[in-house]
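Here are a few exercises to work through with the model open in your viewer. Try each one before reading its solution.

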Amino acid sequence: MSTTVSIHEAAYACLMESDIAQKLLQAEALYQRFIALEVLPREATDTVVSVPVAGKPEKPELVSPRDVKSRKLSSEVGRATLVHAIAHIEFNAINLALDAVYRFRDMPDQYYLDWLLVAREEAKHFGLLQARLKDMGYAYGDMKAHNGLWEMAVKTDHDTLTRMALVPRVMEARGLDVTPGMIQRLEQVGDMATVEILHVILAEEIGHVAIGSHWFKYCCELQGLEPEPTFIKLLEEYMGNGLRGPFHTEARLQAGFSEQEMEQLAKLG
């Protein structure tokens, strides 16, 4: 593909790619292609459209979160179920990063490079988990999954500030809270192969949430809004009472949350 194709159109092509292997390759290629350019091609001929369903394989079957079974990590199938669930989150995260590049077109060039980096790293995470599933005798799609991450993407597709607040800083930041506990439980049952992957994911996800925090604050500054009360207002509007603690304060502070936000999250959680 020529670099004269706009970064938005190129991201959309990868976003809508349903073949897993091709999506992973394209996510890496997009980052490498555009990171090398001094000036990003931004002129797009397409019209931005809502994406109720992003590119994905036929499986896994998507069901309500309450219908996704949780199993004990003491069993092989329980550990595989957990790895499958995380892989599904990482696959959705590839699409979320690509959609952020495709959809919001009035941001600085660095915004697009940041989210292409996120897409690249989410693709790496998915690949690691996919390989781990294979080692355990399973494949991505063998188990049911839910679509909560992408549903939030659709709800926030009208506004960059809202997207930056609620997807990286809420949905994806949840991983910062729960991953240390998963690592501890997997260590207790001796699954060090999965633990190693989760350490990689946790370290890089802090960076991803930090990118979301940076661009959320940038959008707030453009609109003359204070980040902390704006974030809490959006939480109450979109999440209601659905925000759960406890929160991994150290990781969230590294990812761009303020002490004031953590205090408010503790109250909401």
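**Exercise 1.** Find the residues with the most contacts inside the largest nonpolar core.

*Solution.* This is a predicted model, so the core comes from predicted coordinates. Start with the core itself: it has 83 residues, and those with the most contacts inside it are Leu98, Tyr111, Trp115, Phe231 and Leu235. Next, look at who supplies it: helix H3, residues 76-103, gives the most, with 13 residues. Then zoom in on Tyr111. Leaving out residues up to four places away in sequence, Tyr111 touches Ala100, Phe104, Thr160, Met164 and Trp215. As background, nonpolar side chains in soluble globular proteins tend to be buried together.

**Exercise 2.** Work out what surrounds aspartate 114, and which side chain of opposite charge is nearest to it.

*Solution.* First, place it: aspartate 114 sits in helix H4, residues 109-135. Second, check for a charge partner. Aspartate 114 is buried but has no salt bridge; arginine 120, the nearest side chain of opposite charge, is 11 Å away. A salt bridge needs the nitrogen and the carboxyl oxygen within 4 Å. Third, look for polar partners: the side chains of aspartate 114 and glutamine 110 make a polar contact at 2.8 Å. Finally, not counting residues up to four places away in sequence, aspartate 114 touches Ile211 and Trp215.

**Exercise 3.** Locate the cis peptide bonds leading into proline 60 and proline 246.

*Solution.* Most peptide bonds are trans. Going from lysine 59 to proline 60, the bond is cis with omega near 15 degrees, and proline 60 is in the loop between helices H2 (20-35) and H3. The bond joining glycine 245 and proline 246 is cis too, with omega about -5 degrees. Proline 246 lies in the loop between helix H8 (227-239) and helix H9 (249-254).

Note on methods:
Residues are numbered from 1 along each chain as its sequence is written. This is a predicted model: local features need pLDDT of at least 70, side-chain atom pairs count only at pLDDT 80 or more; totals for chains, interfaces and linings use all residues. Side-chain values use heavy atoms; hydrogens and water are left out. A nonpolar core is a set of buried Ala, Val, Leu, Ile, Met, Phe, Trp, Tyr and Cys residues joined through side-chain atoms within 4.5 Å. Buried means under 20% relative accessible area, exposed over 50%, partly exposed in between (1.4 Å probe, protein chains only). Helices (H or I, at least four residues) and strands (E, at least two) are DSSP runs, numbered from the N terminus. Contact means heavy atoms within 4.5 Å. Lys and Arg count as positive and Asp and Glu as negative; His and the chain ends are not counted. A polar contact is a pair of N or O atoms within 3.5 Å; within protein, one must be able to donate a hydrogen and the other to accept it, and residues adjacent in sequence count only if both atoms are side-chain atoms.
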